[in-house]
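User: I should like to learn how to read the features of a protein model in order. Please guide me through this one.

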Amino acid sequence: MGKSVATPPTPDYAGAAREQGAANVESARASAKLSNPNIYGPLGTQTVTYGTPAFDQSAYDKAMSDYQANQGRSAERPDIGKFTTQITNDDGNVTGSNIDQQGYQNAVIDYLNTTGKAPTREQYTTTADADVPTVRQTLTPEAQATLDAQQRVQRQLANLGEQGIGTAQSVLGQAFNPNLPGIQTSLGNYGQVAQTPDLSQYGQAGNAPQAGQLAETPDLSQYGQAGGGPQAGMYGFAGGGPRAGQYGLAQGALNTANIAAMPVNAGTTGQQAILSRLAPQIERSQEATRQRLANQGLVPGTQAYQTAMIEENQRGNDLYTQAALQGLNLDIGANAQGFGQALQSGQFGNQAVAQNFGQGQAAQQMRNAAMAQNFGQGVTSQQLGNQSVLQNQQAGLAQQQADMVRQQQLFGQGVTSTQLGNQAISQNQQAALAQQQAQNAAQLQQYNQALGGAQFGNTAQQQSLAQQMALRNQPLNEITGLMSGSQINMPQFQGYQGQTIAPAPIFAGTQAAGQNALNQYGIQQSAANAETSGLFGLAGAGAGAYGMIAL
């Protein structure tokens with residue numbers, strides 16, 4: 001048979017529930033104390049206490065009497081062992097101890113009384129109903145005095161309001177019948193504007209004089225025509241100037257074929273010469289290094305041999321680099337010198353060609369200047385003839401302009417005379433209009449005066465109505481004012497809070513522990529069952545084999 005698994009014990013759910021309840025109570029107490037602090041403000045304080053204090057007056061009086069009677073005497077501090085009794089079982093064995101806390105406390109109080117310390121009220125004050133909160137709000141002396149004054153004022157205003165009710169009842173008991181004059185709505189015949197006079201009786205403006213016809217412009221061709229000027233080419237043509245290439249052509253590019261490539265030998269650069277001299281030296285140095293390494297016992301292929309040869313090759317490369325740079329500088333300097341000499345040679349030839357071209361151009365310019373001088377003299381002669389023709393034409397135009405000015409003067413005089421007549425007619429019309437406007441303004445002033453008088457009467461009637469209504473409503477306003485007087489304002493403190501602190505999940509933990517024990521029991525039971533099944537399977541197999549052998 002397989003092993004049996006013990007059933008786990010049932011958890012003490014009742015005990016866990018009791019512990020959970022105690023934890024809930026402690027959590028509620030902690031929540032109340034943490035959520036309701038004492039408040040000290042500029043207008044007062046608010047304190048929160050728990051429980052009802054109970055003061056043992058008789059015990060306090062006895063302790064005070066003993067203190068006064070025993071004052072000045074010394075005493076030994078009480079021994080707690082004198083207030084401890086042992087607890088034994090039926091066999092007489094000691095199983096515990098019991099301490100008389102109240103007796104020991106009283107003895108300590110007596111001891112304190114005999115050592116010169118008076119008893120205090122706190123020593124004889126106990127707290128009952130520790131879970132009942134008490135919220136006490138206390139105002140400062142100034143705030144309390146203000147509150148008392150506000151209460152007195154509100155009470156007196158209420159008394160005055162009661163007196164005003166009688167006055168309001170007597171006024172409102174009579175029907176409202178205001179005594180008012182009638183409202184004026186008509187102004188009579190004031191405000192009618194006179195008709196505008198007929199302005200045609202003061203004349204009409206005359207027509208302007210007709211403008212005369214201007215004299216026609218005279219035919220200016222009778223005074224001669226200007227000449228056409230000298231014809232081009234009659235004094236010769238200017239030369240075209242010297243032709244390009246007549247005095248030679250400037251060189252367009254430098255011939256650098258004769259410039260030596262390098263300063264050493266033809267076809268050999270300075271860099272090649274230096275490197276050809278340096279190559280045997282580098283070979284001798286490398287050979288000396290290989291011989292030195294062989295003397296030191298270093299053979300090719302070793303790390304030291306390769307390192308030494310790498311350093312020797314680096315020195316050779318440095319020498320090659322320096323030699324290449326030195327030869328390159330020599331080649332660049334020689335090339336620049338040859339290019340400068342070729343450039344100076346080309347410039348000298350070009351200067352000679354430019355000098356010959358300038359001399360030919362100067363000669364051509366002198367011939368052109370003589371031809372231009374002859375042409376200018378012909379133009380001057382033609383201009384003198386044209387000026388005489390123009391002078392005759394201007395004299396004819398001046399005569400025509402004088403006739404036109406005289407005709408314009410006569411026309412202007414006619415226009416001025418007509419304008420004077422029209423101005424006289426306009427002045428008469430404006431005088432008539434001004435007189436009519438003055439009459440209208442006077443009539444409008446009378447209308448405004450009548451309107452102001454009517455408005456004044458209507459305003460007086462409205463003011464009288466408002467005064468009578470105010471007198472009727474005054475008792476009600478007084479009562480309303482008295483009843484809506486200053487209100488009593490209490491300082492605002494924090495309200496009592498009831499927040500909750502979550503208690504420890506004792507009952508849930510107990511349930512989880514019980515469930516875990518059941519899970520472990522199930523696992524162990526399954527393992528035991530599996531083991532039992534295996535044993536029975538082996539036993540069955542053995543029995544079968546035995547039967548086959550017996551057969």
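Analyst: The following turns treat confidence, helices, sheet, hairpin and core.

User: How should confidence be read here, and where is it lowest and highest?

Analyst: Where pLDDT is low, the coordinates of a prediction should not be read in detail. This is a predicted model. Its mean pLDDT is 75, and 71% of the residues reach 70 or more. Confidence is lowest in helix H7 (residues 506-550), with a mean of 74, and highest in strand E1 (residues 39-41), at 87.

User: What span should the 23 residues of helix H1 have?

Analyst: The general idea is to multiply a rise per residue and compare the result with the model. At 1.5 Å a residue, H1 (residues 13-35) should span 33 Å; its end C-alpha atoms lie 32 Å apart, which agrees. Helix H4 (residues 141-172) can be read likewise: its 32 residues reach 46 Å from first C-alpha to last, close to the 46 Å expected.

User: Which residues of H4 are buried?

Analyst: Burial is judged residue by residue, with under 20% relative accessible area as the cut-off. In H4, Ala-143, Leu-147, Gln-150, Leu-157, Gly-161, Gly-164 and Ala-168 are buried. The buried residues of H1 include Gly-15, Ala-16, Gln-20 and Ala-23, and also Ser-27 and Ser-31.

User: In what order do the three strands of the open sheet lie?

Analyst: One reads the strand order and then the sense of pairing. The order is E1-E2-E5, with antiparallel pairing. E1 and strand E5 (125-139) stand at the edges with a single partner strand each, so one side of each has no neighbour in the sheet. On average, neighbouring strands of this sheet are turned by 30° against each other, direction ignored.

User: How many bridges join strand E2 and E5?

Analyst: E2 (residues 44-55) pairs with E5 in the antiparallel sense over eleven bridges. Within this pairing, Tyr-50 has Pro-133 of E5 as its bridge partner.

User: What should be noted in the hairpin of E3 and E4?

Analyst: A hairpin is read through its pairing and then its connection. Strand E3 (residues 84-88) and strand E4 (residues 94-99) are antiparallel and share five bridges, with Gly-96 of E4 as the bridge partner of Ile-87. Five residues lie between the strands, and among them Gly-92 takes a positive phi near 85°.

User: Which residues make up the largest nonpolar core?

Analyst: One lists the members and then asks which element supplies them. The largest nonpolar core has six residues: Tyr-60, Ala-63, Met-64, Tyr-67, Ile-109 and Tyr-124. Helix H2 (residues 57-70) contributes the largest share of this core, four residues.

How values were computed. Residues numbered from 1 in each chain as written. Predicted model: local features only at pLDDT ≥ 70, side-chain atom pairs only at ≥ 80, totals over all residues. Heavy atoms only, no water. Helix = DSSP H or I, 4+ residues; strand = E, 2+ residues; numbered from the N terminus. Expected span 1.5 Å × (residues − 1). Buried < 20%, exposed > 50% of the residue type's maximum accessible area, 1.4 Å probe, protein only. Pairing = 2+ DSSP bridges. pLDDT = per-residue confidence, 0-100. Core = buried A, V, L, I, M, F, W, Y, C linked by side-chain atoms within 4.5 Å. Axes fitted to C-alpha atoms, helices over the stretch in contact; angles between N-to-C directions.
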